[in-house]
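Here are a few exercises to work through with the model open beside you. Try each task before you read its solution.

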Amino acid sequence: MTASVTDNTVNATPEFSGVAFSRSSENFPVASVDDIVLAMLPGRGGVGLLASAWPVSRPLGELKRSDFYVYESTLINEGAFRNRAFETAGHKRDLRGLARQTMRVQCSTPWGLSQGATIYAEGIACHSTASHDGFKLSADRKRKVHPMLRAEGGWYEQDAAWAIVAITYPQPFIGYERRCAAWIIKDSWPDAWETIFGTILQSGESHEKDRRAFEQQHADDWIVISAIRSNHHEGCTEVIATRAAVVRRTAKSAASWSHPTITRSVASAS
């Protein structure tokens, strides 16, 4: 149920008539967006914390911090909070324009039995389970996914791989979802992004590409992997170090140490 509106509630413009702003009983900003209530909870250093709740039956002016249980992100000021409320209203409006259908589906997924599915389009279904959610593409849909991103079983989990479905079939997704999908592909699969879209991601545009560049730049740096105080030589510490590239190769392969290390004793600072 949508939160009731009190006398100090300010209604939005007609374009966002589903949004109403007010202040809680503890004087932090709140907003109702259809059936969702958002709040800007006080945080440290003057930064607000975006929170939400659903369903809420009491008036906005009676709400307290304890009414909100989903914490999402930080907000720099009340203007950012209002913008987020309008953005949420826009997302919900866009969603109403799609033909998604929810139904009960009896099938197994990589995360357990499906408890229900949202059909985004023919051959594109998002399944919910007790532990995780994810998309399933039909055989025809799966064949159109780029080989660098294609999952052979046709399953794409909700944390990141869903973005593969969204950039392959953008029509059933709203603009906000498509933008998020682009960010995820750039961050997690930069090689695929550059191949598919014929572009080169620059520094700061992909976490994964930046990580590789950092590792390459520091591949010959020495890293201390062990520092043990010696009981036999009081005041000394045994330090074991190895090349950064060796640490990464060993971590990825889970192989035994087969590369040379440097062992030396150094005077303790204490």
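Before starting, fix one term: a residue is buried under 20% relative accessible area, exposed over 50%, and partly exposed in between (1.4 Å probe, protein chains only). The model is a predicted one, where local features need pLDDT of at least 70, side-chain atom pairs count only at pLDDT 80 or more, and totals for chains, interfaces and linings use all residues. Residues are numbered from 1 along each chain as its sequence is written, and side-chain values use heavy atoms, with hydrogens and water left out.

**Exercise 1. Take stock of the chain: how many helices and strands does it have?**

Step 1. Go by DSSP runs, numbered from the N terminus: helices are H or I with at least four residues, strands are E with at least two. That gives seven helices and 16 strands.

Step 2. Now look at burial: 36% of the 270 residues count as buried.

Step 3. For contacts, use heavy atoms within 4.5 Å. Among contacts between residues at least 6 apart in sequence, 39% join residues at least 24 apart.

**Exercise 2. Work out the strand order of the open sheet made by five strands.**

Step 1. Two strands pair if DSSP finds at least two bridges between them. Following the pairs gives S7-S10-S11-S12-S13, with antiparallel pairing.

Step 2. Check the ends: S7 (101–103) and S13 (155–157) are the edge strands, each pairing on one side only.

Step 3. Zoom in on S11 (residues 124–128) and S12 (residues 133–137), which are antiparallel and joined by five bridges. Cys-126, for instance, has Phe-135 in S12 as its bridge partner.

**Exercise 3. Why does Glu-78 count as partly exposed, and which residue does Glu-78 form a salt bridge with?**

Step 1. Glu-78 has 37% relative accessibility, so it falls in the partly exposed class.

Step 2. For a salt bridge, look for a side-chain nitrogen of Lys or Arg within 4 Å of a carboxyl oxygen of Asp or Glu. Arg-23 fits, with the closest N and O atoms 3.2 Å from each other.

Step 3. Place the two in the chain: Arg-23 sits in strand S2 (residues 19–23) and Glu-78 in helix H1 (residues 78–96), so the pair links distant parts of the chain, 55 residues apart.

Step 4. Arg-23 is partly exposed too, because its relative accessible area is 28%.

Step 5. Counting by this rule through the model gives 12 salt bridges. Another of them joins Asp-67 to Arg-58, at 2.7 Å between the closest N and O atoms.

**Exercise 4. Describe how helix H5 (residues 190–197) fits among its neighbours.**

Step 1. Find its buried residues: Pro-190, Ala-192, Trp-193 and Glu-194.

Step 2. See what they touch: the buried residues of H5 pack against helix H4 (175–188) and helix H6 (207–217).

Step 3. Look for charged links. Asp-191 forms a salt bridge with Arg-212, the closest N and O atoms being 3.0 Å apart. This pair ties H5 to H6 across 21 residues.

Step 4. Asp-191 is at 36% relative accessibility, so it counts as partly exposed. Arg-212, with a relative accessible area of 34%, is partly exposed as well.

Step 5. Follow the shared partners: salt bridges join Asp-191, Glu-208, Arg-211, Arg-212 and Glu-215 into one network.

Step 6. Finish at the end of the helix: just after H5, Gly-198 takes a positive phi of about 60 degrees.
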